[in-house]
Amino acid sequence: MKRVLFVCVENSCRSQMAEAFAKIHGKDRLEAHSAGSRASGKVNEKAIKSMREVGYDLNTQRSKSLNEIPAAEYEYAITMGCGDECPYVKAKRRQDWAIPDPKAMNEQDFNQVRDTIETKVLSLIDSMNRDG
């Protein structure tokens with residue numbers, strides 16, 4: 001199992017959805033985590049509603065800070081476009097997905113961000129399958 005960490009500032013929307021999609025689509029290939037550089041302490045209600053629409057209950061997850069994640073080396077540390085580099089997270093590979101923060105978006109735009117995140121997670125899993 002390869003460890004993947006998704007990071008954004010609050011760990012309330014983007015990184016939570018990325019973690020959820022990684023758990024849905026990569027459950028037999030990777031161990032997914034998410035965290036925030038300045039965690040809000042709660043998962044955004046819009047994210048909960050949006051993920052419920054695709055059959056995932058984000059109420060099972062909680063917003064957490066980087067100091068709460070397992071102290072391990074990650075295969076990937078992926079930032080969501082928040083400008084955080086997280087230099088103290090040990091990772092073999094780093095990516096920035098440059099995804100806009102959806103928290104102030106209307107439902108339709110929020111769901112487009114959700115779908116973009118799912119596409120990126122599927123692409124990540126596909127590349128991991130090719131890399132072995």
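Here is a chat about the sheet, the helices and a salt bridge in this predicted model.

Q: Let's start with the sheet. How many strands does it have, and what's their order?
A: It's an open sheet of four strands, in the order 2-1-3-4, with parallel pairing.

Q: Okay, which strands are at the edges?
A: Strand 2, covering 30-36, and strand 4, covering 91-96. Each of these pairs on one side only.

Q: And what's the twist like from one strand to the next?
A: The average is 20°.

Q: How many bridges join strand 1 to strand 2?
A: Seven, and the two strands run parallel. Strand 1 takes in residues 2-8.

Q: Which residue in strand 2 stands opposite Arg3?
A: That's Glu31.

Q: Switching to helices. Where does helix 1 lie?
A: Helix 1, residues 14-25, lies across strand 1 and strand 2. Its direction is at about 170° to strand 2.

Q: What about helix 1 and helix 3, what angle do they pack at?
A: About 45°, and their axes are 9 Å apart. That makes helix 1 oblique to helix 3. The crossing of the two is right-handed.

Q: Why give both an angle and a distance?
A: Because two packed helices are described by the angle between their axes and the distance between the axes.

Q: Got it. Which residues meet there?
A: From helix 1 you have Arg14, Met17, Ala18, Phe21, Ala22 and His25. They meet Phe110, Arg114, Ile117, Glu118, Val121, Leu122 and Ile125 in helix 3.

Q: How do those divide into nonpolar, polar and charged?
A: For the contact of helix 1 with helix 3, nine are nonpolar, one is polar and three are charged.

Q: Now helix 2 and helix 3. At what angle do their axes cross?
A: Roughly 70°, with the axes coming within 10 Å. So helix 2 is roughly perpendicular to helix 3. Helix 2 is residues 45-52 and helix 3 is residues 107-131.

Q: Left-handed or right-handed, that crossing of helix 2 and helix 3?
A: Right-handed.

Q: Who's in contact with whom?
A: Lys46, Ala47, Lys49, Ser50 and Met51 in helix 2 meet Glu107, Phe110, Asn111 and Arg114 in helix 3. By class, that contact of helix 2 with helix 3 has three nonpolar, two polar and four charged residues.

Q: New topic: how many salt bridges are there in the whole structure?
A: A search finds eleven. One of them joins Glu10 and Lys103, whose closest N and O atoms are 3.1 Å apart.

Q: Where do Glu10 and Lys103 sit along the chain?
A: Glu10 is in the loop between strand 1 and helix 1, while Lys103 is in the loop between strand 4 and helix 3. They're 93 residues apart, and the pair links distant parts of the chain.

Conventions:
Residues numbered from 1 in each chain as written. Predicted model: local features only at pLDDT ≥ 70, side-chain atom pairs only at ≥ 80, totals over all residues. Heavy atoms only, no water. Pairing = 2+ DSSP bridges. Axes fitted to C-alpha atoms, helices over the stretch in contact; angles between N-to-C directions. Contact = heavy atoms within 4.5 Å. Parallel < 35°, antiparallel > 145°, perpendicular 65-115°, else oblique. Left-handed = near helix turned anticlockwise from the far one by under 90°. Nonpolar A, V, L, I, M, F, W, Y, C, P; charged D, E, K, R; others polar. Salt bridge = Lys/Arg side-chain N within 4 Å of Asp/Glu carboxyl O.
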